[in-house]
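Could we go through this chain together, one question at a time, with the sequence and the model side by side?

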Amino acid sequence: QAAVAAMQDRTTVADLGLPLGPADLDYAEYLRIHLGRSPIDPLRVLAAEDFLLAPPEQRRYTHLCPLCAAPALHQDRYPRSVCDTCYGRTADRDGRRVTGSNTHMSGGFVAHFAGTSDICAEVTATKRCWVAEHPCRIDEAHFGGVVVEAL
């Protein structure tokens with residue numbers, strides 16, 4: 001309920017000021033991030049994804065973004081990964097917006113200038129990008145997808 005309320009208010013769960021313990025707050029932020037990534041109504045996502053309604057495990061689900069301190073999904077492999085907002089602001093050295101993707105199912109990484117099919121050769125080769133002038137690394141994630149980490 002807290003995750004859905006935060007989505008509706010366009011805020012974080014922490015900003016709602018609910019009396020949640022640290023573990024419950026962490027899991028509620030995790031749910032809010034997952035629900036916010038879907039183009040589908042949050043209640044439909046919860047209805048379709050049973051694992052989201054299961055009791056949380058005893059693990060860390062989120063961490064603070066090292067660039068802006070907003071909640072970010074936590075993976076032990078990527079402890080300095082950025083939040084979704086900062087991820088959406090990645091740029092090359094000259095400030096041109098870039099996005100990353102996998103080259104094929106078995107891996108590989110390529111960076112494109114946002115909104116185009118033009119490859120950004122520099123970011124593809126160096127894996128170096130910037131978010132609001134903060135140096136970051138962008139690369140393929142361990143089991144697919146792309147991760148951006150603050151350096």
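The questions and answers below begin with the ground rules and then move through helices, loops and strands.

Q: What kind of model is this, and what pLDDT do local features need?
A: Residues are numbered from 1 along each chain as its sequence is written, and side-chain values use heavy atoms, with hydrogens and water left out. This is a predicted model, in which totals for chains, interfaces and linings use all residues, side-chain atom pairs count only at pLDDT 80 or more, and local features need a pLDDT of at least 70.

Q: How do the axes of helices H1 and H2 cross: parallel, perpendicular or oblique?
A: Helices here are DSSP runs of H or I with at least four residues, strands are runs of E with at least two, and both are numbered from the N terminus. The axes of H1 (residues 2–9) and H2 come within 8 Å and cross at roughly 50 degrees, where axes are lines fitted to C-alpha atoms, for helices over the stretch in contact, and angles run from 0 to 180 degrees between N-to-C directions. Angles under 35 degrees count as roughly parallel, over 145 as roughly antiparallel, 65 to 115 as roughly perpendicular and the rest as oblique. H1 and H2 are therefore oblique.

Q: Which residues of H2 meet H1?
A: Contact means heavy atoms within 4.5 Å. On the H1 side, the residues involved are Ala 2, Ala 3, Val 4, Ala 6 and Met 7. Their partners in H2 are Ala 28, Leu 31, Arg 32, Leu 35 and Gly 36.

Q: Which helices do the buried residues of H1 pack against?
A: Buried means under 20% relative accessible area, exposed over 50% and partly exposed in between, with a 1.4 Å probe and protein chains only. In H1 the buried residues are Ala 2, Ala 3, Val 4 and Ala 6. These buried residues pack against H2 and helix H3 (42–48).

Q: Is Arg 32 buried or exposed, and which side chain does a polar contact join to Arg 32?
A: Arg 32 lies in helix H2 (residues 22–37), and because its relative accessibility is 15%, Arg 32 counts as buried. Beyond four places in sequence, the residues in contact with Arg 32 include Ala 3, Ala 6, Thr 11, Thr 12 and Pro 71. A polar contact is a pair of N or O atoms within 3.5 Å; within protein, one must be able to donate a hydrogen and the other to accept it, and residues adjacent in sequence count only if both atoms are side-chain atoms. At 2.8 Å, such a contact joins the side chain of Arg 32 to that of Glu 29.

Q: Which backbone nitrogen does the side chain of Thr 12 reach?
A: Thr 12 sits in the loop between H1 and H2, and at 18% relative accessibility Thr 12 counts as buried. Leaving out residues up to four places away in sequence, Thr 12 touches Ala 6, Glu 29, Arg 32 and Pro 71. At 3.2 Å, its side chain reaches the backbone nitrogen of Asp 15.

Q: What is the phi of Arg 10?
A: Arg 10 is found in the loop between H1 and H2, and at 80% relative accessibility Arg 10 counts as exposed. Its phi is positive although the residue is other than glycine, with a value near 55 degrees.

Q: Which strands each supply at least two residues of the largest nonpolar core?
A: A nonpolar core is a set of buried Ala, Val, Leu, Ile, Met, Phe, Trp, Tyr and Cys residues joined through side-chain atoms within 4.5 Å. The largest has 18 residues, of which Cys 86, Cys 120, Cys 136, Ile 138 and Val 148 touch the most other members. The strands that each supply at least two of its residues are E5 (107–113), E6 (128–131), E7 (134–140) and E8 (146–150).

Q: How far apart are the C-alpha atoms of Val 146 and Ser 101?
A: Val 146 is in strand E8 and is buried, with a relative accessible area of 18%. Its contacts beyond four places in sequence include Tyr 87, Ser 101, Phe 109 and Ile 138. Although Val 146 and Ser 101 are 45 residues apart along the chain, their C-alpha atoms are separated by 6.1 Å.
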